[in-house]
Amino acid sequence: SLSWMFTEWALRHRPSVLGMISGAIAGLVTITPGAGYVNITGAFCTGLIAGPVVYFAAQLKHRFHFDDALDAFGIHAPGGCLGGMLLAFFATEEVAGNDQFGDPIKGLFYGDSGMQILLQLYGIVVVAAWSSAMTFLILKGVDLTIGIRVAVEDELIGLDMVVHGHHHMDNSFRPGNSGSRENTDQSKRSDVLPNWIGDHSADNTAEREAREGAPGVSRA
């Protein structure tokens, strides 16, 4: 968390609470492969390295323009791979013990010849290939049946409103609204849509049903 925070601070000239939370998650993800194999020193170094490395990996979504609003892939994928590789450096016989052949499990910094690095790399490649293939098949199956993407207008309105019938934030608590909370009729979509939606706030249930009946129609 701290190494992520200082990295973000150095590059963006200010830290953020979200960044510190993301850094804490990155540390947990990265140490997971090494849990039960590294000592306190290895765990500390793993977390320290994880912050800046995973931070830069999470920024790749801006370069390659893929949708990862919560940095689920940006934190877990590079963090897991990094943790798997760092295990090959910081594993200690005192913590990890012996493998199934009776040989001590230890990392490069504790006398290993480097074979553990190859084993970890092999495992990462196999897991990445399996996960990618299975994820593609699952998403393809969903896309061919119920579809993955929703309508653009539904994205603008917000899926919490479209699917659940209410918005996560009351208008009275948005910036610039000084009024007190009022009893809102949840059946009227226009009463609970936030101000930033603009003309979509005029949407009602009947109009939405008519629009769904003519999917090619768009509104200005």
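This dialogue reads one helix, α3, in a predicted model.

Visitor: Which secondary structure elements are there, and how many of each?

Guide: The protein has 11 helices and zero strands. Along the sequence the pattern is α-α-α-α-α-α-α-α-α-α-α.

Visitor: How many residues does α3 have, and what does it span from end to end?

Guide: A helix can be checked by setting its end-to-end reach against the span expected at 1.5 Å a residue. Helix α3 covers residues 40–58, 19 in number, and reaches 26 Å between its first and last C-alpha. The expected value is 27 Å, so the two are close, given that the expected span is 1.5 Å times one less than the number of residues.

Visitor: Where is α3 kinked?

Guide: A bend is the angle between axes fitted to the seven residues ending at a position and the seven starting there. In α3 a kink of about 30° sits at Ala50, shortly before the proline Pro52.

Visitor: Which residue caps the N-terminal end of α3?

Guide: Asn39 does, with a side-chain oxygen 3.2 Å from the backbone nitrogen of Thr41.

Visitor: Which residues of α3 are buried, and what do they pack against?

Guide: Burial here means under 20% relative accessible area. In α3 the buried residues are Gly42, Thr46, Ala50, Gly51, Val54, Tyr55, Ala57 and Ala58. Ala50, the site of the kink, is thus listed among them. The buried residues pack against α1 (2–12), α2 (17–31), α4 (60–64) and α5 (72–90).

Visitor: What share of the whole protein is buried, and what supplies the exposed area?

Guide: Of its 220 residues, 30% count as buried. The protein exposes about 14300 Å², with 65% of that from carbon and sulfur atoms.

Key. Residues are numbered from 1 along each chain as its sequence is written. This is a predicted model: local features need pLDDT of at least 70, side-chain atom pairs count only at pLDDT 80 or more; totals for chains, interfaces and linings use all residues. Side-chain values use heavy atoms; hydrogens and water are left out. Helices (H or I, at least four residues) and strands (E, at least two) are DSSP runs, numbered from the N terminus. Buried means under 20% relative accessible area, exposed over 50%, partly exposed in between (1.4 Å probe, protein chains only). Contact means heavy atoms within 4.5 Å. A polar contact is a pair of N or O atoms within 3.5 Å; within protein, one must be able to donate a hydrogen and the other to accept it, and residues adjacent in sequence count only if both atoms are side-chain atoms. Accessible areas come from the Shrake-Rupley method with a 1.4 Å probe; for residues, only the protein chains shown count as cover.
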